[in-house]
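Trainee: I am new to this structure and would like to walk through it with you. Could we take it one question at a time?

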Amino acid sequence: MANLALFQLIVYNLLQANLRDVIIFHCAQKYALLPLVQLFSKNYIFSQFVNLNMEKEQLTNFHKDYLDSDLTKLGVFLDLSCSHSSYITNQSSQARLYTEHFHWLLYDEVGNMSQLEELYNKANLSINADVTYVKLAEESNDGSLFTLYDVYNRGSHLGGKLNVTIDQSVYCNRSSCEIKEYLSELHTRTRLQQRSNLEGITFRQVALVTVLPLNSSEQVLLDFLNSEQDAHVDWISRLGYRNNLHLQEMLQFNVTNVWVDQWSLNDTIGGAMGKVVNEHVELSTTAFVLSTARLKKIFPTTDIGQFRSVCIFRTPHNAGIKAGVFLEPFKPSVWLVFVALLVFSGLLLWLIFRLEHHWMRRYLAYIPSLLTSCLISFGAACIQGSHLIPHSTGGRLAFIALMLTSFLMYNYYTSIVVSTLLGSPVRSNIKTIQQLADSSLDVGFETIPFTWAYLNSSPRADIINLVKRKVDGRNPSSIWFSAQEGVLRVRDQPGFVFISEASFSYNFVEKYYMPHEICELNEILFRPESTVYTIVHRNSTYKELLKQIQLRMLEGGMTQKHRRFYTKTKLHCFSNNYVINVGMEYAAPLFMALLAAYILSFIILMLELGWSYLSRRHLQRSIGGQ
């Protein structure tokens, strides 16, 4: 091994891979490695040397002692001519060290390819393995010519075979190395592009179906996943299955299905998630919402949709009297100024009538009182006009100014009120979960495990209050419904709140609701909107390849096409879909104001009649006394 050309090749290979950390497994004398140590020091490469001329028992935990590192990638050199090299390769295979986290450089001075095949034919090599086999091709006094091979397996445990592809020849002397010749087209493509053909590999795929018994024939289950009927049923799994079909077509692998009927029991245990976490499968048809616990076990490849839990309800017609809508067009300061203006106008008209009578001698049948003048001013504000108007030019100009000001104020006021009452359906003031918990509205939930788990495990204060006030102590049959039952109850019982997954419940809304009923729906997010991701195991050797292909599908619009078919993100409400009926919550204040005015008028009338009666009696007594 004491070959300066080989030492130069090691340093050259590490620098080409942009690595500065390396483990050297050798069987040479220490003095023979001095030139290599000097080269490492010169190029700022941190190295550790492990002599394989030791007892095998001392190498039992070599992968933990030497290769258990927090580095993103570590270089490893192994001399296959050493006696314990086969033990190192076998233990590395069992420890799954042939991945993208280790850059392996295997040197065989003899160049025995049969030995390489014997060592790695059944080894746990992966598709993302970074293993380079170096064979000495020629040797001279000036330097040496080495041939480099790329070694990988598309998946030995899934039916893959060892692949050794010649790459390039490198000439090294005592001072440097250079590429002599490219012997294949490996240098023109990335490692994943070169290995993207998975023909002969059989992936295990967990397929989720909740609406059919798992003892159904596989063909029946596959027909359901491929069907376009009732697209809202198990839509996440069917969407993922369609994407996986495209993956299978592009990468040319085979699939065997593992059927399950639930997502998971908790974050990482049971159901489809448990199959992925336990590495029983390579693919999953269903996507998942991410969590901290899940990210420790799985790797998200790409997002394929949104998971939205919403509370939907129609605004109850007895939601309380809302008189504020008739005062909202103007601020209090504007109302005060307008009232003051009407009082001032009434006083001005009264003065004008008196001036015309006493000074201008333009007599009316009677001189209007101050109250009558104020009524004329108020009538002008209501665009009612008046049969009593000043006769003088100045008085008429004052009356015209009052009518013009009132006209502008009246039109602005009525336009705001009409647009508020008739411009859109009446919306509830309940906008948050906390307001819903504090309200008197009845609440129902869709019977899915996720909602039950979220209600019992969420640390949010508003969810805890909702559970205390709307769930605890209630009959389960009165709060848990199927999606169809809950949606129909929302339609038939305004004020009933139903909580379910949006994309699923929207299908029943569009099926059973009239267009104007859709427009009347209120919606509150039950929990923050979450993206669902396709997943593989965190240590999957296919994760980068699958991620790149799925991102290409996402950019090309294939994922979006399936997403639009299987999911509904919103309900459509158009202005010509609804007919607005003003309910008693808005009309009641007007009727109450009218009733109050009648009562006040009747009281005043009684007072006037009483006063008139007393005046007549007083007059009669005066006449009788005379």
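Mentor: Happy to; what follows is a set of questions and answers on this predicted model.

Trainee: Let us start with helix 8. How far apart are its end C-alpha atoms?

Mentor: Helix 8 covers residues 235-251, which makes 17 residues. At 1.5 Å a residue, the helix should span 24 Å. The model agrees with that expectation, because the end C-alpha atoms of helix 8 are 24 Å apart.

Trainee: How many residues of helix 8 are buried?

Mentor: A residue is called buried if its relative accessible area is under 20%. Helix 8 is largely enclosed by the rest of the structure, because the buried residues among its 17 number 13.

Trainee: And which residue just after helix 8 takes a positive phi?

Mentor: Look at the position that follows the helix. The phi there is about 65°, and the residue is Gln252.

Trainee: Now to aromatic rings. How many aromatic pairs are there in the whole structure, and what is the angle between the planes of Tyr107 and Phe146?

Mentor: A search of the whole structure finds 17 aromatic pairs. Tyr107 and Phe146 form one that is edge-to-face, at 6.4 Å centre to centre. This pair links distant parts of the chain, with Tyr107 in strand 4 and Phe146 in strand 6, 39 residues apart. The angle between the planes of Tyr107 and Phe146 is 65°.

Trainee: Is Phe146 buried or exposed?

Mentor: Buried means under 20% relative accessible area. Phe146 has 0% relative accessibility, so Phe146 counts as buried.

Trainee: Why is the pair of Tyr454 and Phe526 edge-to-face?

Mentor: The ring centres of Tyr454 and Phe526 are 5.4 Å apart. Planes over 60 degrees apart count as edge-to-face. The planes of Tyr454 and Phe526 are at 70°, so the pair is edge-to-face.

Trainee: Which residues do ring pairs link into a cluster with Tyr454 and Phe526?

Mentor: Tyr454 counts as buried because its relative accessibility is 13%, and Phe526 counts as buried because its own is 1%. Ring pairs link Tyr454 and Phe526 into a cluster with Phe445 and Trp480.

Trainee: Which residue lies over the face of Phe224?

Mentor: Here a charge sits over a ring. At 4.5 Å from the ring centre of Phe224 lies Arg238.

Trainee: On to charged pairs. How many residues apart are Arg308 and Glu523?

Mentor: The side chains of Arg308 and Glu523 meet in a salt bridge, at 2.7 Å from N to O. Arg308 is buried, because its relative accessible area is 12%, whereas Glu523 is partly exposed, because its relative accessible area is 39%. Arg308 sits in the loop between strand 13 and strand 14, and Glu523 in strand 18. The pair links distant parts of the chain, the two residues being 215 residues apart.

Trainee: Glu510 forms a salt bridge too. Which residue is its partner?

Mentor: Glu510 is in helix 19, and the partner is in the loop between helix 22 and helix 23. The closest N and O atoms are 3.3 Å apart, and the partner is Lys568.

Trainee: Finally, what is the accessible area of the nonpolar patch that includes Leu607?

Mentor: Leu607 is in helix 23. Leu607 counts as exposed because its relative accessibility is 59%. The patch on the surface also includes Leu595, Ile599 and Phe602, among others. Together the residues of the patch have an accessible area of about 780 Å².

Note on methods: Residues are numbered from 1 along each chain as its sequence is written. This is a predicted model: local features need pLDDT of at least 70, side-chain atom pairs count only at pLDDT 80 or more; totals for chains, interfaces and linings use all residues. Side-chain values use heavy atoms; hydrogens and water are left out. Helices (H or I, at least four residues) and strands (E, at least two) are DSSP runs, numbered from the N terminus. The expected span of a helix is 1.5 Å times one less than its number of residues. Buried means under 20% relative accessible area, exposed over 50%, partly exposed in between (1.4 Å probe, protein chains only). Patches are made of residues with over 30% relative accessible area and no salt bridge: like charges are joined within 9 Å, nonpolar side chains (Val, Leu, Ile, Met, Phe, Trp, Tyr) within 5 Å. Accessible areas come from the Shrake-Rupley method with a 1.4 Å probe; for residues, only the protein chains shown count as cover. A salt bridge is a side-chain nitrogen of Lys or Arg within 4 Å of a carboxyl oxygen of Asp or Glu. Rings of Phe, Tyr and Trp (its six-membered ring) pair if their centres lie within 6.5 Å; planes under 30 degrees apart count as stacked, over 60 as edge-to-face and the rest as tilted. A charge sits over a ring if NZ of Lys or CZ of Arg is within 6 Å of the ring centre and within 35 degrees of the ring normal.
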